[in-house]
Amino acid sequence: MATTAPTAARTNLASVTLEVADPEAARRFYGAFGVDTYVRLRPAEGHSTGFRGFTLALTVSGPATVDGFVAAAVEAGATVLKPAAKSLWGYGGVVQAPDGTIWKIATSAKKDTGPATREIDEVVLLLGVEDVKATKQFYVSRGLTVAKSFGGKYAEFAPGQSSPVKLALYKRGALAKDLGVPADGTGSHRIVLGGAADAFTDPDGFAWETAAPSAPAQS
């Protein structure tokens, strides 16, 4: 008997595209910051105000490496939203790129065990959503596999083989608070996720489109 592969099996985060006002300036920034291999760039089509509802988070080896990435971002034109500091869970800081994208750089280590590096252990795209459980189920129905889940507060999906970025969900208000920004925001998220068999928009307005695996930042 013939079977039809479900749509679920066809969704896998393969690329992250940031919509920016000045792709050339953004390309220079992300190259200097050291994350240009993780994002694509294209001219912004939609207007937005306030919090865009997401952040990209870098996990690195130690505090000195966090400081190095924060310093590189600031030198390239970023604004510090939260200075790097120790917390209960480790050490981290938050910066906002000139194009408005918020980046969190963190480590679970509270002390350095070696010199600072420019190596990134993991990149996570955190989507701020209204209902973590409902949005998690939506993505499960599209074929993503849950790797971690903490009730209605947080969910993380297993990355695909071709994905340089891991996808996770967090309550929008909690995410904004963690980043040090007001939760209010309107208009476009100004981010597009690639890797679906067909274009769709999730329950919180994040758009997916068909895309090849991610390449260095480009317009």
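In the predicted model, helices α1 and α2 cross in a right-handed sense. The contact between them is formed by F29, A32 and F33 on the α1 side and by F69, A72 and A73 on the α2 side. Of the residues in this contact of α1 with α2, 6 are nonpolar, while no polar and no charged residues take part.

Two packed helices are described by the angle between their axes and the distance between the axes. For α1 and α2, the latter spanning residues 63-75, the packing angle is about 155° and the axes lie 8 Å apart. Angles over 145 degrees count as roughly antiparallel, and α1 is therefore roughly antiparallel to α2.

Helix α1, which comprises residues 23-33, also lies across strands β1 and β2. Relative to β2, the helix runs at about 160°.

Both of these strands belong to an open sheet of 5 strands, in which the order is β2-β1-β13-β15-β14 and the pairing is mixed. The edges of the sheet are occupied by β2 (40-43) and β14 (200-201). Each of these two strands has a single partner strand, so one side of each is left without a neighbour in the sheet.

Within the sheet, strand β1 (residues 15-20) runs antiparallel to strand β13 (residues 191-194), and the two are joined by 4 bridges. In this pairing, T17 has V192 of β13 as its bridge partner. Strand β1 thus has β2 on one side and β13 on the other in the strand order, and α1 lies across β1 as well as β2.

Technical notes:
Residues numbered from 1 in each chain as written. Predicted model: local features only at pLDDT ≥ 70, side-chain atom pairs only at ≥ 80, totals over all residues. Heavy atoms only, no water. Pairing = 2+ DSSP bridges. Contact = heavy atoms within 4.5 Å. Axes fitted to C-alpha atoms, helices over the stretch in contact; angles between N-to-C directions. Parallel < 35°, antiparallel > 145°, perpendicular 65-115°, else oblique. Left-handed = near helix turned anticlockwise from the far one by under 90°. Nonpolar A, V, L, I, M, F, W, Y, C, P; charged D, E, K, R; others polar.
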